[in-house]
Protein chains: 2
Amino acid sequence: MRSISTDLAAKLRLGAAVFAGRGYDAATIEALSDATGVPSSTLYYNFAGKQEILAFLLQDWLDRTSVVVATAIEGPATAAVRLEAVIRAQLAAMADDPSTCQMLLAELGRIDRLPHIADAVQQAFHRPVAKLLVEGAVDGSLAEVSIENATAVIYGAVTLTGLHHVVASDGHTPAFDVDAVATDVVGLVMNGLGSR
Amino acid sequence: MRSISTDLAAKLRLGAAVFAGRGYDAATIEALSDATGVPSSTLYYNFAGKQEILAFLLQDWLDRTSVVVATAIEGPATAAVRLEAVIRAQLAAMADDPSTCQMLLAELGRIDRLPHIADAVQQAFHRPVAKLLVEGAVDGSLAEVSIENATAVIYGAVTLTGLHHVVASDGHTPAFDVDAVATDVVGLVMNGLGSR
DNA sequence: TGCCGAGTTGGAATATGATTACAGTATCAG
DNA sequence: CTGATACTGTAATCATATTCCAACTCGGCA
């Protein structure tokens with residue numbers, strides 16, 4: 001993959017809707033070319049193939065998401081408070097870019113075949129949460145749990161709830177009411193379902 | 001799709017590993033034919049195409065999963081107790097058939113394009129949980145929460161934790177220690193992360 | 001001004017794999 | 001035995017990704 005100009009990158013983002021709308025295999029290069037205004041020969045000049053275009057779009061979004069999540073995780077507050085901020089930031093990123101978010105979750109099961117993307121997902125979703133779980137056990141604001149399973153549980157809870165609302169929306173941005181959904185998700189993640 | 005003999009169905013299940021291993025588009029009909037021992041002409045005689053074969057495998061597994069989940073949900077116990085049984089049953093179904101489970105989650109983002117499958121997922125995963133959430137609010141064993149979001153949270157927590165372990169395994173069955181994982185997931189779903 | 005190289009583009013050529021068509025074979029109920 | 005239905009091998013057909021290549025643009029620069 002050549003280095004992509006910001007101009008080209010901006011056009012390519014329009015292609016996310018094509019991938020999200022039709023699914024990876026049904027999204028033809030020609031449709032991608034039409035949607036972005038970039039001729040297919042130019043696409044092949046800049047990328048090794050369709051898969052690399054997909055990977056670029058995912059990486060682009062994940063990198064931006066990582067940045068806002070990294071900001072959310074900072075600060076002197078307890079781990080529990082910062083975990084809430086992280087979850088809100090992740091849901092906001094999904095609501096802001098429903099197409100890419102849908103693309104990403106469509107690739108979930110085969111993400112181990114896109115190692116760079118798997119790393120970026122770790123960076124944006126798993127590692128921040130794992131870090132807070134450790135810190136929360138230390139500062140007493142979070143219960144002590146299996147990091148591995150708790151990270152997976154939170155990742156699943158956040159992304160599939162986001163996906164549910166994204167699919168229900170019709171590509172509007174934001175795709176859903178981030179505050180309301182985040183409040184519900186955070187409530188469940190922090191307090192669980194048990195009556196008390 | 002013609003009616004599929006149990007004999008053919010059994011052979012086809014061998015094909016799940018091909019879909020799971022390579023991903024839908026990289027899985028060629030020829031590879032599917034080799035893996036199952038069913039000639040490609042026979043596949044096309046019985047199914048309208050590759051997508052329908054995928055759909056059959058998913059439906060097959062989801063139907064079986066629905067049955068065990070429906071059994072788990074029965075009984076006089078509180079909704080909380082039965083919710084735990086349901087989650088265990090769902091994780092057990094995933095561990096028992098890692099290939100199909102991986103196939104299913106690979107199709108998550110495009111599942112709205114396979115309406116029958118989306119229905120079957122509702123049947124096996126969402127509806128039982130939604131039912132218990134309502135009953136739990138009545139019998140007092142579960143907190144009152146948004147059914148829509150809580151259902152999505154639990155679905156995400158269960159399936160992505162399962163997927164995490166399935167991907168980590170190498171196709172062995174069971175793919176992971178169901179009891180241990182279920183205990184962690186149920187603990188988080190019921191009690192959350194908050195220290196108490 | 002005129003050249004150079006990188007980026008861009010249109011269009012033809014190639015390759016792969018899904019799907020179809022069809023004819024011949026097997027199986028099984030009556 | 002016979003007809004119907006299911007199965008299978010082979011040879012097209014077709015769509016689409018990918019490659020190839022020649023022409024074109026354009027900014028820097030001697």
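Is A:A124 buried or exposed? With a relative accessibility of 0%, A:A124 counts as buried, where buried means under 20% relative accessible area, exposed means over 50%, and partly exposed lies in between (1.4 Å probe, protein chains only). Before going further, note that this is a predicted model, in which local features need pLDDT of at least 70 and side-chain atom pairs count only at pLDDT 80 or more, while totals for chains, interfaces and linings use all residues. Residues are numbered from 1 along each chain as its sequence is written, chains are lettered from A and ligands numbered from 1 in the order in which they are written, and side-chain values use heavy atoms, with hydrogens and water left out.

Let us begin with chain A as a whole. Chain A has 10 helices and 0 strands, where helices (H or I, at least four residues) and strands (E, at least two) are DSSP runs, numbered from the N terminus. Its C-alpha atoms fill a box of roughly 60 × 30 × 25 Å, taken along the principal axes. For 196 residues, a compact globule would have a radius of gyration near 16 Å, and the 18 Å of chain A agrees with that; this radius is taken over C-alpha atoms, and the globule rule is 2.2 Å times the number of residues to the power 0.38.

Of the 196 residues in chain A, 56% are buried. The accessible surface of the chain comes to about 8200 Å², and 55% of this surface belongs to carbon and sulfur atoms; such areas come from the Shrake-Rupley method with a 1.4 Å probe, and for residues only the protein chains shown count as cover. Among the contacts in chain A with a separation of 6 or more, 70% are between residues 24 or more positions apart, a contact being heavy atoms within 4.5 Å.

With these terms in hand, we can return to A:A124, which has its place in helix 8 (residues 115-139) of chain A. When neighbours within four places in sequence are left aside, A:A124 is in contact with A:L62, A:T65, A:S66, A:V69 and A:Q90. Between A:A124 and A:V86 there are 9.7 Å in space, C-alpha to C-alpha, although the two are 38 residues apart in sequence.

A second residue to find is A:T151, which sits in helix 9 (residues 147-168) of chain A. A:T151 has a relative accessible area of 8% and is therefore buried. Not counting residues up to four places away in sequence, A:T151 touches A:H126, A:V129, A:A130 and A:L133.

In chain B, the residue B:T161 belongs to helix 9 (residues 147-168), and B:T161 counts as buried because its relative accessibility is 0%. Beyond its neighbours within four places in sequence, B:T161 is in contact with A:N149, A:A152 and A:V153 from chain A, and with B:G156, B:V181 and B:V185 from chain B. A polar atom of the B:T161 side chain also lies 2.6 Å from the backbone oxygen of B:A157. This pair is a polar contact, defined as a pair of N or O atoms within 3.5 Å; within protein, one must be able to donate a hydrogen and the other to accept it, and residues adjacent in sequence count only if both atoms are side-chain atoms.

We now turn to the DNA. DNA strand C is surrounded by 13 residues, of which the closest are A:S41, A:T42, A:Y45, B:Y44 and B:K50; a residue is near a strand if one of its heavy atoms lies within 4 Å of it. Of the atoms of DNA strand C that come within 4 Å of the protein, 68% belong to sugar and phosphate. Helix 4 (residues 40-46) of chain A gives the most to the surface near this strand, with 4 residues. The side chain of B:Y44 has an N or O atom 2.8 Å from a phosphate oxygen of DNA strand C, and a polar backbone atom of B:I29 lies 3.1 Å from a phosphate oxygen of that strand.

DNA strand D also has 13 residues around it, the closest being A:T28, A:Y44, A:K50, B:S41 and B:T42. Here sugar and phosphate account for 73% of the strand's atoms within 4 Å of the protein. For DNA strand D, the largest share of the nearby surface, 4 residues, comes from helix 4 (residues 40-46) of chain B. A backbone N or O atom of A:K50 is 2.9 Å from a phosphate oxygen of DNA strand D, while for a polar backbone atom of A:I29 the distance to a phosphate oxygen of the strand is 3.0 Å.
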